[in-house]
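Please keep the sequence and the model open side by side while you read this note. The points below are meant to be checked one at a time against what you see.

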Amino acid sequence: MSFQDAADYTAKRIYEKHKNIYVSLSGGADSEFVVRVFHRNNIPFTPIIVKTVGNFKELIWAYRVCDKLNIDPVILELDEKNYLKIYYEDVIKKIRGYGIYAVPSILACRYAKERDGVLI
């Protein structure tokens, strides 16, 4: 099985188990690939883009992907104060500081969970 076929197969299996799917779209190649796999397979999903201080360049790419695919993303804004709060409470206290870049994903995961969804 090719990598592309494996990705399509996996996306379809995820959709069999979870109908309310969110994809965290950072603007990087990995998350763009996931978005394109779900889109290509006509699997309903909602991209989540988290705006933080310092991720302007990545946001441009994330917006472009959504625009090209004609998808409306959920946009969450995270200011410095709340970024640091999540970092301290969830990264420092719970996992001893490992995962400094996990803060946007933590926020996106909470958003999906509050809506009975699953985050990819």
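1. Once the neighbours within four places in sequence are set aside, Val34 is in contact with Val23 and Ile120. In this predicted model, Val34 belongs to helix α2, and its relative accessible area of 25% makes Val34 partly exposed. The reason for that label is the cut-off, because a residue counts as buried only under 20% and as exposed only over 50%. For a sense of scale, you may also look from Val34 to Lys81, which is 47 residues away along the chain, and find their C-alpha atoms separated by 30 Å.

2. Val23, one of the two contacts named for Val34, is also listed among the residues with the most contacts inside the largest nonpolar core, together with Ile21, Leu25, Val35, Phe38, Phe45 and Ile49. This core has 17 residues, and the elements that give two or more residues to it are α1, β1 (21-24), α2 and α3 (56-69). Which element supplies the largest share of this core? The answer is α3, with 5 residues. As general background, in soluble globular proteins nonpolar side chains tend to be buried together.

3. Leu25 deserves a separate look, since the list of residues that Leu25 touches, not counting those up to four places away in sequence, runs to Ser31, Glu32, Val35, Pro47, Ile48, Ile49, Ala62, Val65 and Cys66. Apart from the core already described, there is a second, separate core of 15 residues, which includes Tyr22, Val50, Ile106 and Leu107.

4. Turning to charged side chains, the structure holds 6 salt bridges. One of them joins Asp8 and Arg40, whose closest N and O atoms are 2.5 Å apart. This pair links distant parts of the chain, with Asp8 in helix α1 (residues 3-17) and Arg40 in helix α2 (residues 29-40), 32 residues apart. Is each partner buried or exposed, or somewhere in between? Asp8 is buried, with a relative accessible area of 13%, whereas Arg40 is partly exposed at 37%.

5. Another salt bridge is formed by Arg110 and Asp90, with 2.3 Å between the closest N and O atoms. Here too the pair links distant parts of the chain, as Arg110 sits in helix α5 (residues 103-114) and Asp90 in helix α4 (residues 80-95), 20 residues apart. Arg110 is partly exposed, with a relative accessible area of 34%, while Asp90 counts as buried at 13% relative accessibility.

6. Arg115 and Glu114 provide a further salt bridge, in which their side chains meet at 3.4 Å, N to O. Glu114 is exposed, with a relative accessible area of 61%, and Arg115 counts as partly exposed at 36%. The two labels follow from the cut-off, because exposed means over 50%.

7. Finally, please find Tyr83, whose place is in helix α4. When neighbours within four places in sequence are left aside, Tyr83 is in contact with Thr52, Leu78, Ile100, Val103 and Pro104. Between Tyr83 and Lys93, which are 10 residues apart along the chain, the C-alpha atoms are separated by 14 Å.

Conventions. Residues numbered from 1 in each chain as written. Predicted model: local features only at pLDDT ≥ 70, side-chain atom pairs only at ≥ 80, totals over all residues. Heavy atoms only, no water. Salt bridge = Lys/Arg side-chain N within 4 Å of Asp/Glu carboxyl O. Helix = DSSP H or I, 4+ residues; strand = E, 2+ residues; numbered from the N terminus. Buried < 20%, exposed > 50% of the residue type's maximum accessible area, 1.4 Å probe, protein only. Contact = heavy atoms within 4.5 Å. Core = buried A, V, L, I, M, F, W, Y, C linked by side-chain atoms within 4.5 Å.
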